[in-house]
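Trainee: I would like to understand how descriptive terms are justified when someone reads a structure. Could we go through some of them together?

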Amino acid sequence: MSGNTFGEIFRVTTFGESHGAGLGVIIDGCPAGITVDEEFLQSEMDRRKPGQKGNSVTNRKEDDKAEILSGVFEGKTTGTPIAILIRNSNQHSKDYSNIMDKFRPGHADWTFYKKYGIRDYRGGGRSSGRETCARVAAGAFAKMFLKTMGINVTAWTKKAAGIEITKFDLSQIETNLMRAPDNEAAARMEEKINEIRLSKDSCGGIVECLVTNCPAGLGEPVFDKLDAEIAHAIISIGAVKGIEFGLGFEAADSTGSINNDFMREGPEFESNNAGGILGGISRGDDIIFRAAVKPVPSIFLKQETIDVTGKECDIEIEGRHDVCLCPRIVPVIEAMTAITVADMILRNRSSRV
């Protein structure tokens, strides 16, 4: 199975399954001398871990303790591979025994089976959202590296269960269960998600991400443009089905005279319809994009599907599943963005004398 490594210089390889002994990540290419804040690392893991409060989150309980096995000495990175292990401790594999021969609609069960001829039906194995805990661990190290340059990555829930924020206060993101910059909208989201949960269904949403203090010049045209690499990173998250930068799809209905971001001395841009990236290269102002998060496919309503023989059948899913992924996917989107920007910074150092 290939495709488990991301990045060219700051390289991240994840491993493990949802119901295996554990998951982990190897980070290769992280510069030496970065101060490692293990409390920050664990706080990032805690933002993503299951079992949090709220109507949207699965009640599976995992500590998600990040164990650093190598690459750190006396509180600093050594420049050698960093290995991090996250052990599983609360698997309920029996919850999946009744669907071991059936494919969940909307999930990767059938495609994994067709590709490999075998699948881990216990929570989906590698296709489970639990794989993202390893990404968040790697993203924490990327954030520590970016912090040395004053670069910050922040994401939030912009919309969930059809309810969109109407206010914007970054200080409120970690003060509500939805990780939205609008506490009032977050409360309405929670109320609607509870209705959906009681009806045994699920819902999606939109997560927005902002990168500040990013220098101009990041991106490797033509195939490794900055927006292309960020898109690769974000779309690689299982639940993400779309991404747009700046004005995004609205640009299709715009004109050049409106869509262009006019420049002034500084340089400064009068607007940010480009999302901070031109020609695949960062231009030195805020990078902003939005990701579409699909509804959780594992729902508790009876559904129609097929089994491993191709015969039509019904499926009723048991176990513990999120209703809306937005609040837990926020730190994952931050992590993948930080990893991408860190990699691009290191690649950019060889672009000219």
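Mentor: What follows is a set of questions and answers on the reasoning behind a few terms, bearing in mind that this is a predicted model.

Trainee: Why is T157 called buried?

Mentor: T157 has a relative accessible area of 0%, and because buried means under 20%, T157 falls in that class.

Trainee: Where is T157 placed, and which residues is T157 in contact with beyond its neighbours within four places in sequence?

Mentor: T157 is in strand β8, which covers residues 152–160, and its contacts outside that sequence window include I165, M189, I206, C326 and V330.

Trainee: What makes the pair formed by the side chain of T157 and the backbone oxygen of M178 a polar contact?

Mentor: A polar atom of the T157 side chain lies 2.7 Å from that oxygen of M178, and the cut-off for such a pair is 3.5 Å, so the distance meets the limit. M178 is also among the residues listed as in contact with T157.

Trainee: How do you know that C133 is not in a disulfide?

Mentor: A disulfide is a covalent bond between the sulfur atoms of two cysteines. The closest cysteine sulfur to that of C133 is in C30, 19 Å away, whereas the rule asks for sulfur atoms within 2.5 Å, and therefore the two are too far apart for a bond. By this rule the count of disulfides is zero.

Trainee: Is C133 buried or exposed?

Mentor: C133 counts as buried, because its relative accessibility is 0% and the limit for that class is under 20%.

Definitions and conventions
Residues are numbered from 1 along each chain as its sequence is written. This is a predicted model: local features need pLDDT of at least 70, side-chain atom pairs count only at pLDDT 80 or more; totals for chains, interfaces and linings use all residues. Side-chain values use heavy atoms; hydrogens and water are left out. Helices (H or I, at least four residues) and strands (E, at least two) are DSSP runs, numbered from the N terminus. Buried means under 20% relative accessible area, exposed over 50%, partly exposed in between (1.4 Å probe, protein chains only). A polar contact is a pair of N or O atoms within 3.5 Å; within protein, one must be able to donate a hydrogen and the other to accept it, and residues adjacent in sequence count only if both atoms are side-chain atoms. Contact means heavy atoms within 4.5 Å.
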